Amino acid sequence: MAFTKASVAELKERINIVDVVGRAVPLKKAGSNYKGVCPFHKEKTPSFSVSEQRQSFHCFGCGVGGDAIGFVQKFYNLDFNEAVERLAGEYGVTLEKTRSSGEDLNIYYEINQAAAKFFYRSFTEKANKGYTYMKKRGIRPDILKKFGVGYADAEWDSLYRHLTGLGYEQEKLIELGLVSEKNGKCYDKFRNRVIFPIINVRGKVIGFGGRAIDPNDNPKYLNSPESRIFLKKDNLYGLNFAKGPAAKEGFIILVEGYMDTIGVYQGGIENVAASLGTALTENQAKLIKRYTENVVLSYDADNAGRAAAMRGMDILKAADCKVRVMHVTDGKDPDEFIRKEGREAFRKLLDQAMPFGAYKIEAIKRDYDLTDNEQKIACLKKIAGMLRQLTPVEQDVYIKEAAKQLQVAESALAMEMRRVKEAEKPPAREPAPPEAETPGKERLKITRLEADVLRLVTLNEAFIQRIEEAGLLKSPAAGKIFAALEEDVQANASLDLTRAASPLEPEYRALLTEILEKIPPAADEEKVFQACLATVRKRALEKERKELNEQLELAEGVASEEETRRIMERILEIDKEIAEVKSKR
């Protein structure tokens with residue numbers, strides 16, 4: 001469904017962003033604008049601004065901004081059309097639908113809705129194999145009704161006769177995959193199967209999944225083919241019910257199939273959905289991100305389930321989701337486990353779900369015989385490559401964890417990571433990393449050396465005193481970040497980056513994050529520190545040499561022979577010192 005530009009424009013004319021935002025965020029007048037605490041990130045000092053004149057909002061803390069429709073989309077986890085419909089209902093605006101594809105698609109939704117009703121009546125109005133099967137699986141009638149579970153009988157054309165009797169065209173039934181045609185005769189695609197309607201986040205039936213009841217019927221699961229209204233890669237089963245609970249709970253659980261989704265939901269865990277197929281897709285990951293960035297994968301613990309988890313983790317990680325993996329114990333699937341062990345036992349497993357780095361390390365280790373040194377080395381190389389996918393902070397954590405588990409030095413693993421990074425570089429020489437700065441803000445400019453020094457502090461707080469004594473930091477931005485790190489160590493005895501960065505202003509936090517992302521952990525921290533000292537010393541010597549050369553030029557024909565000789569001797573000494581410094585770097 002889409003709405004005409006004119007009707008959306010009329011809606012924007014009728015609404016006032018101050019009213020729209022004010023229902024969700026307490027606002028106070030601040031000059032010509034309104035201010036409040038941002039609802040999209042945690043903050044104590046209000047940095048969220050609403051402009052009535054421009055009809056827009058902007059948060060100076062997290063950077064999010066937009067118009068009233070954009071605010072409703074983000075705050076209530078809606079897509080554009082859902083947000084427009086919500087606002088139109090609140091303001092009494094009638095929306096006009098476009099006369100192109102939107103009207104054409106409605107007939108397909110209508111046909112699928114009619115088919116879903118037919119399957120549900122077949123499931124509930126008389127005894128059938130489908131209802132018996134679901135009753136044996138322990139699914140309650142209220143849950144069956146909520147998910148619209150149905151039954152396709154064993155006849156060849158009962159659905160076909162029903163839908164054509166309602167006046168729907170045969171061609172559209174074939175296009176939707178409800179009916180197949182062979183030798184001029186039409187027959188139902190789904191026969192003698194439990195039917196699971198697939199419903200999108202707008203509540204529209206877009207397809208069906210059918211599970212075989214008799215053991216000899218193949219395939220075990222039969223799904224609708226892709227059509228104008230159904231693309232598997234763009235949808236998740238059960239997300240229409242899970243999106244609200246996922247936003248409320250702060251995470252979503254992804255399981256493998258229909259029964260796991262329904263069983264876990266019945267068990268009292270409602271933030272659960274399933275991918276439509278064996279592999280999670282990029283579009284599904286983006287869809288999930290609309291409602292939450294935290295995902296728990298709960299796939300089977302067999303080889304196929306572990307492989308699917310590994311693939312899914314990478315897809316979710318690429319979409320900036322935070323992913324963990326939970327494997328149900330004793331060989332049970334999530335549906336069976338929650339029925340037998342209960343909701344609290346399932347929640348305990350959720351609490352024990354392994355984060356991305358830990359799960360990846362365990363998965364890699366399973367492929368190698370760690371009692372064999374050659375295989376152990378190969379395993380370490382694979383882990384080093386994997387660690388390159390993580391953020392700098394995650395790398396710090398999992399370098400220590402992996403080194404401890406495989407009984408190798410942390411510095412050796414860090415060095416292997418750097419070797420992997422070098423191997424990944426293209427043949428052409430890359431330009432030197434730019435200075436960490438924020439464009440247009442000179443006060444945030446720091447040198448690469450200062451960035452290296454600050455990175456050392458994040459790796460080892462023992463360098464704080466030595467850095468301070470050496471006077472390695474000159475810029476105000478570097479000094480401010482260093483002071484925050486030093487203060488955290490003094491107050492708490494050890495450094496916690498999240499805690500240390502929290503008092504900093506947003507631009508300084510962003511600068512620290514940029515340093516962590518651009519500069520990998522050092523394989524030899526002492527060597528990096530000495531190199532920084534050498535660089536500072538070399539720069540000081542070069543500056544002195546330049547000044548002496550200028551003195552020599554000015555003194556020519558004026559200064560005494562003794563003064564000239566003294567200057568030249570000092571220049572020679574400096575050249576010697578510079579050569580020595582270079583040899584130590």
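A pocket is an open set of grid points with protein on both sides within 12 Å along at least five of seven lines, and its lining residues have an atom within 4 Å of a point. The model described here is predicted.

**The largest pocket**

About 1900 Å³ of space lies in the largest pocket. Its lining counts 47 residues, and those closest to the centre are Leu497, Thr498, Ala501, Arg509 and Thr513. Two or more lining residues come from each of β16 (322-325), α16 (356-366), α18 (392-406), α20 (448-459), α23 (497-501) and α24 (506-518). Of the elements, α18 gives the most, with seven residues. By residue class, the lining of the largest pocket has 19 nonpolar, 11 polar and 17 charged residues.

**The open sheet β1 to β5**

Five strands make up an open sheet, ordered β1-β2-β3-β4-β5, with antiparallel pairing. At its edges are β1 (28-30) and β5 (65-66), each of which pairs on one side only.

Inside this order, β2 (residues 33-36) is joined to β3 by three bridges, and the two strands run antiparallel. Tyr34 stands opposite Val50 in β3. Strand β3 (residues 48-51) also pairs with β4 (residues 56-59), over four bridges in the antiparallel sense. Here Phe48 has Cys59 of β4 opposite.

The side chains of β3 alternate: Phe48 and Val50 point one way, Ser49 and Ser51 point the other way, and all are buried. The hairpin of β3 and β4 has four residues between the strands, and Gln55 takes a positive phi near 55 degrees in this hairpin.

**The parallel strands β13, β15 and β16**

Another set of pairings is parallel. Strand β13 (residues 252-255) runs parallel to β15 (residues 294-297), and three bridges join them. The bridge partner of Leu254 in β15 is Leu297. β15 also pairs with β16 in the parallel sense, over four bridges, and Asn294 stands opposite Lys322 in β16. Between β15 and β16 the chain passes through helix α13 (residues 303-318), and the three elements make a right-handed β-α-β unit. β16 is also one of the elements that give two or more residues to the lining of the largest pocket.

The table sets out strand pairings from both regions.

| Strands | Sense | Bridges | Residues opposite |
|---|---|---|---|
| β2 and β3 | antiparallel | three bridges | Tyr34 and Val50 |
| β3 and β4 | antiparallel | four bridges | Phe48 and Cys59 |
| β13 and β15 | parallel | three bridges | Leu254 and Leu297 |
| β15 and β16 | parallel | four bridges | Asn294 and Lys322 |

**Helix α10**

In helix α10 (residues 239-249), the buried residues are Leu239, Asn240, Phe241, Ala242, Lys243, Pro245 and Ala246. An α-helix has 3.6 residues a turn, so residues three or four places apart point the same way. Just after α10, Gly250 takes a positive phi of about 90 degrees.

**Cysteines**

The structure holds zero disulfides. For Cys321, the closest cysteine sulfur is that of Cys62, 17 Å away, which is too far for a bond. Buried means under 20% relative accessible area. Cys321, at 4% relative accessibility, therefore counts as buried. Cys186, with a relative accessible area of 13%, is buried too.

Note on methods: Residues are numbered from 1 along each chain as its sequence is written. This is a predicted model: local features need pLDDT of at least 70, side-chain atom pairs count only at pLDDT 80 or more; totals for chains, interfaces and linings use all residues. Side-chain values use heavy atoms; hydrogens and water are left out. On a 1 Å grid over the protein atoms alone, a cavity is a set of points where a 1.4 Å probe fits but cannot get out, and a pocket is an open set with protein on both sides within 12 Å along at least five of seven lines; lining residues have an atom within 4 Å of a point. Grid points are joined across faces, edges and corners, and a volume is the space filled by probe spheres set on the points. Ala, Val, Leu, Ile, Met, Phe, Trp, Tyr, Cys and Pro count as nonpolar, Asp, Glu, Lys and Arg as charged, and the others, Gly among them, as polar. Two strands pair if DSSP finds at least two bridges between them. A crossover is right-handed if, with the strands pointing away from the viewer, the path from the first strand over the helix to the second runs clockwise. A disulfide is a pair of cysteine sulfur atoms within 2.5 Å. Buried means under 20% relative accessible area, exposed over 50%, partly exposed in between (1.4 Å probe, protein chains only).
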